[in-house]
Structure formats: C-alpha cells, structure tokens
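Let's take a walk through a protein model together, one spot at a time. Have the sequence and the 3D view ready.

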Amino acid sequence: MNPRYILFFHLVLNDMIQVTLSTILFVTSYIFFQINVSVCCVLTLLAVLVTENTPLNLACMAVECYIAICIPLRHVQICTVKRTLMLIGLIWMTSMLSVLPDLFITLAIEPLDFFNSRVFCLRETVFRNPHIIKKRDITYIVYLVIVWFIIFFTYFKILFTAKTASQDATKARNTIILHGFQVLLCMSLYAEPLLKQALLQWFPQYYSNSLFACYIIFQILPRAISPIVYGVRDKTYRKYLKKYLLCKMRF
C-alpha cells in the first residue's frame, strides 16, 4: 500500500524483464549468430520498451522522495496507490509512444522478404531506416534532459531541506545522489551504439568480446544496483529481507 514500494517493485520487475530479454537476445546471437527478422523485431521492441521505462521510473521515485521530504503534510493526499498505478501506466504509455513508431515505419518501408530473412539481431540491423535512427537520438536527448532536470531539481530541493531538517532528509538527499548515479548508468546505454561502431572499427577481430563487455556494462550493471540502492538501504525492506532469509536458513 506504500507508493514508494510500489514504484520500487515495478522498477525491479521491469529490470528483471529487461535482463531476461537482453540475455535471450545475447545468448541467441552467440548460438545461432543470425535469427529470423520477425522474431528479432518482437524481442528487440520488448527489450527497448522496458529499457526506456527504467530512467522514467527513477525520475518518478525521485519526485516521490521530494514530496515525502519537502511537502510531508500533503504526501498522503498526493502519493496515493491509485495515482501511483496511473503513473506506472503513464510510464509504459510514454515508452510505447517512443518505441512503436519504429515498428510502424519498418512495416511501411521494408519489403515482406526482409521479415523472412535472417540477420544478426541488433536494433540497428532490424530498424535500419535513417529516420528511425534520427528519431531514436532525438528521443534519447529529450529523455536525458527531462530526467536529469528532475534529478537535479529534487536533489537541490531536498538538499536545502536537509540543512535544517531531520536525518530522513539527509538520507533522502543521499538516495537522490544514488538516483543520479543509476540514471547516469542507464543513460550511458544511449551512447552504446556509437561505442559499438567505434569498437568495430578499432578492434574488428575482437568485436564479439566487445559486445559482451558492452552487455555487462550497459545492461547488467545498472540493473544490479537497484536492489542495493532501494532495497538493502531501506530499513523496512531490510527487516523483511532478514526475516525471510533467516526463515529459509532455518528451514
């Protein structure tokens, strides 16, 4: 019933889906090298969708933290369960509006034979139209500006509150810093295509190893931080975590 934990649960669930899909794509590409374009389209669209959800979810969690510290008397009225669920729906709708045009443009431009062919499954090889790539870059820039504006705004508001308020405000300020660090890791994903192109030119013989390194750094590492930042640091979550771990050990 707590909006903070609802957003946290959605973040972890979203990251679990993202890691599962990206792992399927990565392992499939290593085993079969080339797969059917239609299958690659579906997996890639889903993976991109949940990937773009993450920074938006982090921005929403930062706003919830700001309301709890800076507007505590109105927190219960503003951050209700119903509004939190509506916010999660808005996150998914925003990401879908960003991702689905790639599919529609590809269906309108590419011939039917293309969808029956086999390619090395990357977003660039399936959605290869220059307009799609340009749209992707513009979308990522807009995401970057909006999310970082929210992170900086909430951080400085909580920072000024923390100077004269309780320890909770100081902890919230530190949480916002970790928000920013995780957003930075998530946003570094937007530079991944340029890095892959550069690595292909510099080290063509080690390109598969470069893809694996990019996968660990840009896909796995940001998702591994979420349970630590928002789970282990939280007193309530940590209490239940210890409880269930000890029960399992005793059993």
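**A walk from the surface inward**

At 52% relative accessibility, Phe33 counts as exposed, because the exposed class begins over 50%. Keep in mind as you look around that this is a predicted model. You'll find Phe33 in the loop that runs between α1 and β1 (35-36). Its backbone has a quirk too: phi sits near 65°, which is a positive value in a residue other than glycine.

Now step back into helix α1, where Ile31 lies. Ile31 comes out at 58% relative accessibility, so Ile31 counts as exposed as well. Ile31 also has company, since it belongs to a nonpolar patch on the surface. The other members are Val27, Tyr30, Phe32, Phe212, Ile216 and Ile217, and together the patch has about 690 Å² of accessible area. Which helices supply at least two residues each? They are α1 (3-32) and α10 (207-232). The largest share, 4 residues, comes from α1.

Next, let's visit a residue that's tucked away. Asn129 is found in the loop between α6 (123-126) and α7 (130-162). Is Asn129 buried or exposed? With a relative accessible area of 13%, Asn129 is buried, because anything under 20% falls in that class. Its side chain reaches the backbone nitrogen of His131 at 2.8 Å. Leaving aside residues up to four places away in sequence, Asn129 touches Ile105 and Ile109.

From there, follow helix α7 along to some aromatic rings. A pair of aromatic rings is described by the distance of the centres and the angle of the planes. The count for this model comes to 5 aromatic pairs. One of them is Trp148 with Phe152, a tilted pair at 5.5 Å centre to centre and 35° between the planes. Both residues lie in α7, 4 residues apart, or about one turn of the helix. Phe152 is partly exposed, at 45% relative accessibility.

Phe149 and Phe153 make another pair, this time stacked, with 6.2 Å from centre to centre and 20° between the planes. Why stacked? The planes of Phe149 and Phe153 are 20° apart, and planes under 30 degrees apart count as stacked. Phe149 and Phe153 also sit in α7, 4 residues apart, about one turn of the helix. Phe149 is exposed, with a relative accessible area of 58%, while Phe153 is partly exposed at 36%. Finally, bring Tyr66 into view: ring pairs link Tyr66, Phe149 and Phe153 into a cluster.

Notes
Residues are numbered from 1 along each chain as its sequence is written. This is a predicted model: local features need pLDDT of at least 70, side-chain atom pairs count only at pLDDT 80 or more; totals for chains, interfaces and linings use all residues. Side-chain values use heavy atoms; hydrogens and water are left out. Patches are made of residues with over 30% relative accessible area and no salt bridge: like charges are joined within 9 Å, nonpolar side chains (Val, Leu, Ile, Met, Phe, Trp, Tyr) within 5 Å. Accessible areas come from the Shrake-Rupley method with a 1.4 Å probe; for residues, only the protein chains shown count as cover. A salt bridge is a side-chain nitrogen of Lys or Arg within 4 Å of a carboxyl oxygen of Asp or Glu. Buried means under 20% relative accessible area, exposed over 50%, partly exposed in between (1.4 Å probe, protein chains only). A polar contact is a pair of N or O atoms within 3.5 Å; within protein, one must be able to donate a hydrogen and the other to accept it, and residues adjacent in sequence count only if both atoms are side-chain atoms. Contact means heavy atoms within 4.5 Å. Rings of Phe, Tyr and Trp (its six-membered ring) pair if their centres lie within 6.5 Å; planes under 30 degrees apart count as stacked, over 60 as edge-to-face and the rest as tilted.
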